[in-house]
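Thanks for making the time. I will go through one structure, starting from a single residue and working outward.

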Amino acid sequence: MSSVGGGELLFTKPLTLSCVPKVSPFFSFFSSSPIRSFSPPYLSVSFLPSISTSSLPLRCCAASSPSETEGEDFLDAEEEDIESDEEYAFDPDALQLEAKHAVREYSASLSHQLKLEDEASDQKDSSRKQKRSKSTTRNIPDHLLPRVAIVGRPNVGKSALFNRLVGGNRAIVVDEPGVTRDRLYGRSFWGDYEFMVVDTGGVLTLSKTQANYSEELAVSTTIGMDGIARASREAAVARMPSMIERQATAAVEEASVIIFVVDGQAGLTAADVEIADWLRKNYSSKSIILAVNKCESPRKGIMQASEFWSLGFSPLPISALSGTGTGELLDLVCSGLQKIEGPEYRDEIEIYVPAIAIVGRPNVGKSSILNALLGEDRTIVSPISGTTRDAIDTEFTGPDGQKFRLIDTAGIRRRAAIASLGSTTEALSVNRAFRAIRRSDVVALVIEAMACITEQDCRIAERIEKEGKGCLIVVNKWDTIPNKNQQTATYYEQDVREKLRSLHWAPIVYSTAIAGHGVEKITVAASTVENERSRRLSTAILNQVVQEAIAFKPPPRTRGGRRGRVYYCTQAAIRPPTFVFFVNDSKLFPETYRRYMEKQLRLDAGFAGTPIRLLWRSRRKLEKDEGKATRLQANIAPRGGKLALAT
């Protein structure tokens, strides 16, 4: 029996007074001493489950106290935590499995929150094709596969046929002409053959006038072009058909087989005759297949196709929507291809290639950045708002040999602005852009140097952070900033950090895509971000970082005297780095303390350019009912009450 401050202490539980036990590196209470003292005259005794001493009765009676009731409640809360600590089972292997389960549960909750069921259905549609392709030459790089180009005049069903051949809804299909403008690539196979299918924009005849161009291609000369002179608008509209035809010509020149698509319901047109003459004159050495689309009825299809014999090719009636005749079409395609049977490609280990999505508002220079990186006119660049429609995937190899998959996307405008115009095409384009963010690894958020950061930029930034993607901010058109000096970039970065607070961890790159200045820094920064996003900390180092952070700033106490305790921490996933904290009660860690812990992790462990996820999981309480333990009770408390993706 001993007395403290005139009070009487009677010990009834194992007590540690002087010696500090050796704590396993797999977990820690992160307390500097087993005895933790509070405001006198109260004494709090910490009990560790690994200590076993003589059992002594405990009773605490303070002689003088500002508030006896508060002191008793304070000690009761502490004793309740101590008793619960003794029941906690420390099994590192079990905690690792539980952490992975927490990440899976977390990711599923976010997927439901972001309403991505449509993408799941697309993956389901193409899962059968992907599964079969595993037994074929799936490891052959894209650039070694033979090309099959789909050409024709606008609105004959080329994109619908492309989706049918590659599986899924890769290309935007809308019942209006001029939807597709850039080349769109997709892998397909038939039997033992594997090849790349190339979708192209509609080829127009040279007899069209400028007014006909705008009508045929659904080109707007007013939307998003307020700051462009009228003469520049008309010039951009006049150049659009030639740019689309240039893209189609590039696809035809690199293709081994050409699928010439015509409309069986509309019949033979002058544009079909002109395209057929162009193909026969310039590409007679290639295999050309005439596909008469929109022949849903087999009986009527033969009659509809008979009209096209005059083009000099053997017509084949098909239906891209229902799939009628596509089997015969693929047989003809494969007959014109050479099978690639290189054994070095069959056994090659598939290398992970990170994907970089280039996103931003319209007319900020996304397509210009892609062309500057590739060194070619891969996509159409025009001052016309909404020039890019589909998400364009392109393989790219950096100067250091690092491979990337670049994804150019359509400009993302506000939903209200899209809804006010009633443009289905633009709505689908924005949807493709958001999907590109989700299937990417690193996102390059492009902003215009002279334009102010808008609310839409902040929304895109929040979406990137929610998706858990690595990010870098690209300030394009940096040459338009007048009177630059050494402090210009510093002041500009401060302004960007203040307005894009959700991406405070993202590096900033300055570039001028038209002149090709600074674009090489984009891939260098993206490579660094991807390495940080894929980095994994050992449990020992992680717990040491957490221990130092807690020692510097312990979790706050509640009014009842309870304090949060961290028992174990582990990194359960990468891309993005996801850490699971096993604590006594997740509700005892407020949002401010969680932000502090994230800040300390970044300061001590890095992770620049990538969001990190902190999942707080309450301890497992082993409650016994008739001598048997009940089921485990666990909960996840996501940061800020919002779910964030852990991939």
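Start with F581 and what surrounds its side chain. Leaving aside neighbours within four places in sequence, F581 is in contact with V546, V566, Y568, C569, M597, L601, L614, L615, W616 and R617. F581 itself is found in strand β19. This is a predicted model, so please hear every value today as computed from it. Is F581 buried or exposed? The relative accessibility of F581 is 0%, so F581 counts as buried. There is also a long-range pairing to look at: the C-alpha atoms of F581 and A99 are separated by 8.5 Å, although these positions lie 482 residues apart along the chain.

That brings me to the chain as a whole. The protein chain has 18 helices and 23 strands. Of its 647 residues, 50% are buried. If you take contacts between residues at least 6 apart in sequence, 74% of them join residues at least 24 apart. The exposed area comes to about 31,000 Å², and carbon and sulfur atoms supply 51% of that.

Next, T539, which sits in helix α17, residues 539-552. T539 has a relative accessible area of 17%, and because the cut-off for buried is under 20%, T539 falls on the buried side. Not counting residues up to four places away in sequence, T539 touches Q96, Y568, C569 and T570. Y568 and C569 were also on the contact list of F581.

Now the charged pairs. How many salt bridges does a search of the whole structure find? The search finds 24. I will show a few of them.

One is D457 with R361, where the closest N and O atoms are 3.1 Å apart. D457 lies in helix α14, residues 455-467, and R361 lies in the loop between β12 and α11, so this pair ties together parts that are 96 residues apart in sequence. Both ends are under cover: D457 is buried at 1% relative accessible area, and R361 counts as buried at 17%.

A second one stays within α14. The side chains of E455 and R459 meet in a salt bridge at 2.9 Å, N to O. E455 and R459 are 4 residues apart in helix α14, which means they are separated by about one helical turn. As a reminder, an α-helix has 3.6 residues a turn, so residues three or four places apart point the same way. Here the surroundings are more open to the probe in the plain sense of the categories: E455 is exposed at 51%, and R459 is partly exposed at 43%.

A third one is E465 with R613, again at 2.9 Å, N to O. E465 lies in helix α14 and R613 in strand β20, so the pair ties together parts that are 148 residues apart in sequence. Both E465 and R613 are buried. Beyond single pairs, salt bridges that share partners join D441, E530, R533 and R575 into one network.

R575 also appears in the backbone section. Which peptide bond is cis? The bond from R575 to P576 is, with omega near 0 degrees. P576 lies in the loop between β18, residues 566-573, and β19, residues 578-583. Recall that β19 is the strand that holds F581.

Then the positive phi values. N155 has phi near 65 degrees and is not a glycine. N155 is found in the loop between β6 and α4, and N155 is partly exposed, with a relative accessible area of 31%. F607 is likewise not a glycine and has a positive phi of about 65 degrees. F607 sits in the loop between α18 and β20, and at 0% relative accessibility F607 counts as buried.

Helix α4 follows the loop of N155. Of the 9 residues in α4, 8 are buried, among them L161, F162 and L165. Just after α4, G167 takes a positive phi of about 85 degrees.

Last, the surface. Which residues gather in a patch of negative charge? They are E253, E254, E376 and D377. E253 belongs to helix α6, residues 230-254, and E253 is exposed at 51% relative accessible area.

That is the set I wanted to show.

Technical notes: Residues numbered from 1 in each chain as written. Predicted model: local features only at pLDDT ≥ 70, side-chain atom pairs only at ≥ 80, totals over all residues. Heavy atoms only, no water. Helix = DSSP H or I, 4+ residues; strand = E, 2+ residues; numbered from the N terminus. Buried < 20%, exposed > 50% of the residue type's maximum accessible area, 1.4 Å probe, protein only. Contact = heavy atoms within 4.5 Å. Patch = residues over 30% accessible without salt bridge, like charges linked within 9 Å, V, L, I, M, F, W, Y side chains within 5 Å. Areas by Shrake-Rupley, 256 points an atom, 1.4 Å probe, with all protein chains shown as cover. Salt bridge = Lys/Arg side-chain N within 4 Å of Asp/Glu carboxyl O. Lys, Arg positive; Asp, Glu negative; His and termini not counted. Charge placed at Lys NZ, Arg CZ, Asp CG, Glu CD.
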